[in-house]
Amino acid sequence: MEDYGNKPPQTNDRDTDKPVDRVAKLKMTNGFQKTKKFPKLVMVKYTIYSTNERIYIVGSNNRETMFRILEIDMTTSATEELNIIEENVFFTRLEIIAILSDLEENSEGGLTKKLSGIGLLGFIRFTSYYYLCVITEASIIGVLGGRNIYHVDNTALVPVTNNYRKPDRNSEEARFLHTFQSIDLTRTFYFSHTYDLTNTMQKNFMSNKKEAQGLNEESFNETFVRNEMFVWNSWLLNPIKEFDNVYDWFQIIIHGFVDQAKISVFSRQVYITLIARRSHHFAGARFFKRGVNDQGNVANEVETEQIVSDMLTTPFHDPSAGFYNNPNYTSYVQHRGSIPLYWSQETSPNLRLAKPPIYINLMDPFYTSSAVHFDDLFHRYGSPIMILNLVKQREKSARESKLSREFENCIEYLNKFLPVKNKLQYMAWDMSRASKSHGQDVVEFLEKYAEKCLRVTGFFHNGRTLQETKLQEGICRTNCIDCLDRTNAAQFVIGKRALAYQLCSLGVIEDNYLEYDSDVVNILTEMFHDHGDTIALQYGGSHLVNTMETYRKLNHWSSHSRDMIESIKRFYSNSFMDAQRQEAINLFLGNYIWEKGVPVLWNLDTDFYLHNDYWGNNLMTCKPSYTHWFNDRYLKNRKELVLKKLEDTKSPDIVKWESLIRKKVEPYPGCVDNYFNEHYPPGEIVSLKDVFEFKMISTLKALEVIPQPEEKERRRSVYSFTSPTKEVTSAKESDNISSPFKTRKPQPASQKYKMLYEKNKEEEEVKDVKPRSLDCETQFSRLQAMRVKNYFERLTNSLEMELGKAQRMFKEERKLPLFENSSQKIELNALNEDYLYEEFNLEDEKAAYTDDLKLEVTAADKAIYETNTNINGFIPLIELSSDTVENAESIRQLVNIRSYQETCYRDTFSVSEEDYQMYSSIGV
């Protein structure tokens with residue numbers, strides 16, 4: 001949301017042959033005038049051209065109506081810095097075509113198109129020249145307020161030199177290039193053109209709301225600053241940090257996890273978005289990065305945000321309340337990170353035990369680095385900070401337990417100097433021991449702790465005014481030894497309780513509690529499972545070893561075998577792969593910078609000095625207090641500060657009419673939010689089915705698996721949700737799926753109905769009663785609902801009883817009057833159901849029940865009807881009471897209900913003769 005519209009053009013005091021004058025002369029020659037500048041132009045498409053001396057990057061908006069040009073000089077030597085020029089003016093399509101044509105004619109060697117991309121990440125240099133990193137492919141992974149969130153699918157490196165030669169195979173340049181490319185940017189890296197992924201939703205919303213109402217104390221650029229700790233390409237942007245328009249041209253990427261799902265509650269569409277941001281400070285592999293460094297950064301630090309939004313309207317704005325005042329957005333933030341002490345484990349190459357011993361390397365009596373870490377948490381999230389420590393408390397040989405005791409001493413020391421209401425709330429609980437004990441329930445304890453967390457910290461719920469907006473004050477910090485398995489299970493339970501609070505606050509449910517194994521909890525379970533697997537792969541090299549199924553003790557044997565396999569994978573990765581991964585991370589993040597005379601990256605014995613202040617430079621500028629280690633400003637209630645400043649800025653007239661009139665908040669000057677063109681890009685979407693929301697993971701999404709004809713099996717329809725990591729691709733895989741999420745195995749097909757079919761067939765042969773011949777379309781409409789759900793594979797006991805009752809009712813020998821004024825008596829078992837159905841739908845009888853909805857029906861019949869019709873997609877079988885059996889009008893009502901249901905589910909499905917006869921025999 002930054003506005004560079006009023007900034008003067010950037011110039012360069014160089015010769016007339018330099019690129020800034022080259023484009024200027026071309027414009028003057030063709031008589032071009034500077035196009036009227038727009039307040040904000042979001043560039044989403046980039047085309048890179050090159051001549052013998054320069055690289056030209058042409059950026060355009062989504063509609064490709066406005067363009068900008070960035071020029072990079074390639075004649076600089078390897079020791080010089082990059083020379084980037086941009087006049088900060090816009091061009092139309094005709095103007096940009098003319099400029100490129102002139103460059104083609106006037107440049108020696110012509111103009112060559114190198115590649116096209118959708119994002120620029122920055123520049124990296126190893127031993128000689130720079131490389132430009134370009135995002136060439138990306139896919140939409142989520143949508144927030146009409147703003148797309150992309151997953152990086154492919155990247156490319158463009159050498160910024162006019163005499164490029166492929167490095168020799170054994171050269172240092174080639175080795176560095178190979179190490180850099182081992183960071184797979186196509187896995188779990190995300191960016192957005194218009195939404196700041198580095199900050200939480202609460203931070204983004206409040207910054208815009210306060211800026212629109214003139215309540216921000218900082219300058220514009222300080223207000224909308226990115227959270228640098230989550231900017232993973234910060235080192236790539238370092239060569240152009242002095243360039244004013246850096247965020248206009250270059251994208252910010254985060255590393256972690258993003259997933260989004262849709263739940264439907266009585267036709268209300270609710271989106272659940274999970275965003276995990278991994279810190280690039282003190283980042284690395286599992287055994288190489290433990291504890292804390294001297295700057296207060298901990299290993300495996302991940303911020304997880306859970307956003308729940310009611311998509312009644314798409315944007316962040318409200319039609320009546322105005323700018324960023326849409327009350328349908330909520331979020332809850334959690335934090336995980338290693339224990340903030342100086343500790344480590346053995347990292348000998350290719351020789352590592354499954355559980356190496358733990359060493360506390362430094363005993364700091366003042367816990368200086370821990371104090372810096374918690375002060376940073378106060379700064380980012382406010383007070384209080386709740387700490388859930390899940391490491392083992394009692395062991396035969398002390399490993400985790402000694403860390404737990406030292407961590408407890410740290411918290412006790414830091415709490416001595418904090419105010420009472422702001423003290424660190426520490427809870428130590430041996431989750432591993434509890435999961436193995438028969439008398440303890442892991443889920444029960446975590447549910448109680450989650451309830452406490454939500455009541456203490458609250459959650460963010462945007463309001464139509466600042467007074468109505470609820471803020472999250474504080475954070476729950478969870479850790480175990482690795483911050484992987486146990487931590488992810490605990491965060492899921494807290495997230496589940498937070499989801500209930502969020503849905504209740506949005507008015508979707510009445511109570512702030514959700515049952516396990518419900519659709520919404522199942523989809524959250526899958527999201528947190530994928531979230532935990534991704535975090536574990538990034539840090540530990542394998543998927544989660546212990547999942548939520550392990551701690552809930554579901555599918556014990558299958559989960560146990562899976563846990564063993566993942567343990568082996570993690571051991572292999574830690575022993576043979578982590579060293580190379582750590583080198584690549586250090587190079588990508590700029591922790592290691594090549595210099596002549598300095599050992600190269602792969603020859604270093606340790607990278608300790610790359611992540612810590614080895615020479616003590618920070619002590620000259622920062623001398624933290626041993627007692628007053630916190631910032632008083634960070635402990636204040638943030639909402640109270642905002643409301644106090646809002647009251648100070650109000651005029652008496654506004655205070656007088658505030659209770660009667662709600663003022664609509666307008667955007668701040670220079671803000672342009674063109675979310676509609678981003679969400680519905682013109683020229684790219686042919687139908688609404690191409691929009692991302694139609695392909696999103698959903699509780700209503702079904703994946704149909706059809707067996708091959710030669711298998712001669714009944715068709716079945718299987719619910720599933722499309723996952724980026726796994727899809728149901730065969731009938732064998734689908735056998736274990738009976739709902740949108742795998743919670744239990746489907747019940748086997750009952751033999752009862754096959755026997756019933758054979759018995760009814762024999763009776764029909766004896767009575768020689770032939771059913772009325774029906775055309776195929778009628779058969780399809782009859783059996784469609786049963787065909788879609790395939791209830792023969794999933795019949796519960798209650799449904800079996802209902803089907804049995806319905807069958808017995810039509811087999812009883814009781815006589816009913818077919819018509820109101822008729823004395824004709826017919827036995828029901830003498831006619832099949834199809835005949836009755838057709839007779840009651842005669843054209844001359846339709847006038848008799850035009851007002852059938854007003855007919856008197858007993859309470860029992862009404863309850864049975866409502867119960868059966870609540871079965872989704874199932875044609876209700878109406879069981880008639882003894883009183884209603886003798887009432888012809890009720891029979892007509894039954895026929896009308898069935899006719900209505902048949903109309904709702906009319907479709908063309910292929911039904912085998914065997915299936916049709918079986919379904920017909922049980923009275924469907």
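**Close-up views of a predicted chain**

**Figure 1. A salt bridge joins Asp 482 and Arg 286.** The N to O separation between the two side chains is 2.9 Å, where a salt bridge denotes a side-chain nitrogen of Lys or Arg within 4 Å of a carboxyl oxygen of Asp or Glu. Because Asp 482 lies in the loop between β19 and α12 and Arg 286 in the loop between β11 and β12, the pair ties together parts that are 196 residues apart in sequence. Asp 482 is buried, at 13% relative accessible area, and Arg 286 is likewise buried, at 11%. Buried denotes under 20% relative accessible area, exposed over 50%, and partly exposed the range in between (1.4 Å probe, protein chains only). Helices (H or I, at least four residues) and strands (E, at least two) are DSSP runs numbered from the N terminus. The model is predicted: local features need pLDDT of at least 70 and side-chain atom pairs count only at pLDDT 80 or more, whereas totals for chains, interfaces and linings use all residues. Residues are numbered from 1 along each chain as its sequence is written, and side-chain values use heavy atoms, with hydrogens and water left out.

**Figure 2. Asp 310 and Arg 268 form a salt bridge between two strands.** The N to O separation is 2.4 Å. Asp 310 belongs to strand β12 (residues 302-310) and Arg 268 to strand β11 (residues 268-278), so the pair ties together parts that are 42 residues apart in sequence. Asp 310 is buried, with a relative accessible area of 6%, whereas Arg 268 is partly exposed, at 28%.

**Figure 3. Glu 64 combines a positive phi with a salt bridge to Arg 93.** Most residues other than glycine have a negative phi. In Glu 64, phi is near 60°. The side chains of Glu 64 and Arg 93 meet at 3.2 Å, N to O. Since Arg 93 lies in helix α2 (residues 93-106) and Glu 64 in the loop between β2 and β3, this pair ties together parts that are 29 residues apart in sequence. Both residues are partly exposed: Arg 93 has a relative accessible area of 39% and Glu 64 one of 29%. The count of salt bridges comes to 21, and Glu 447, Glu 451, Arg 455, Lys 496 and Arg 497 are linked in a network of such bridges.

**Figure 4. Cys 476 and Cys 483 are in no disulfide.** A disulfide is a pair of cysteine sulfur atoms within 2.5 Å, and the count by this rule is 0. For Cys 476, the nearest cysteine sulfur is that of Cys 453, 3.7 Å away. Cys 476 is buried, at 0% relative accessibility. For Cys 483, the nearest cysteine sulfur belongs to Cys 480, at 5.2 Å. Cys 483 is buried as well, with a relative accessible area of 1%. This residue is found in the loop between β19 (475-479) and α12 (485-505), and its phi is positive, near 60°.

**Figure 5. Phe 378 is buried in helix α8.** Its relative accessibility is 0%. Contact means heavy atoms within 4.5 Å; leaving aside neighbours within four places in sequence, the contacts of Phe 378 include Ser 383, Ile 385, Leu 418, Trp 629 and Tyr 634. The C-alpha atoms of Phe 378 and Ile 475 are separated by 8.8 Å, although the two residues are 97 residues apart along the chain. A cis peptide bond joins Ser 383 and Pro 384, with omega about 10°. Pro 384 lies in the loop between α8 (368-381) and β16 (385-389).

**Figure 6. Tyr 164 is partly exposed in a loop between β8 and α3.** The loop connects β8 (147-160) with α3 (172-181), and the relative accessible area of Tyr 164 is 39%. Beyond four places in sequence, Tyr 164 is in contact with Tyr 129, Tyr 131 and Pro 159. Tyr 164 and Tyr 129 are 9.0 Å apart, C-alpha to C-alpha, and 35 residues apart in sequence.

**Figure 7. Residues 810-856 have a pLDDT below 50.** The chain averages a pLDDT of 74, and 65% of the residues score at least 70; pLDDT is the predictor's confidence in each residue, from 0 to 100. Beyond near neighbours in sequence, the stretch 810-856 has 76 contacts in the model. Residues 898-910 also stay under 50, with 35 contacts beyond four places in sequence. Where pLDDT is low, the predicted coordinates should not be read in detail.
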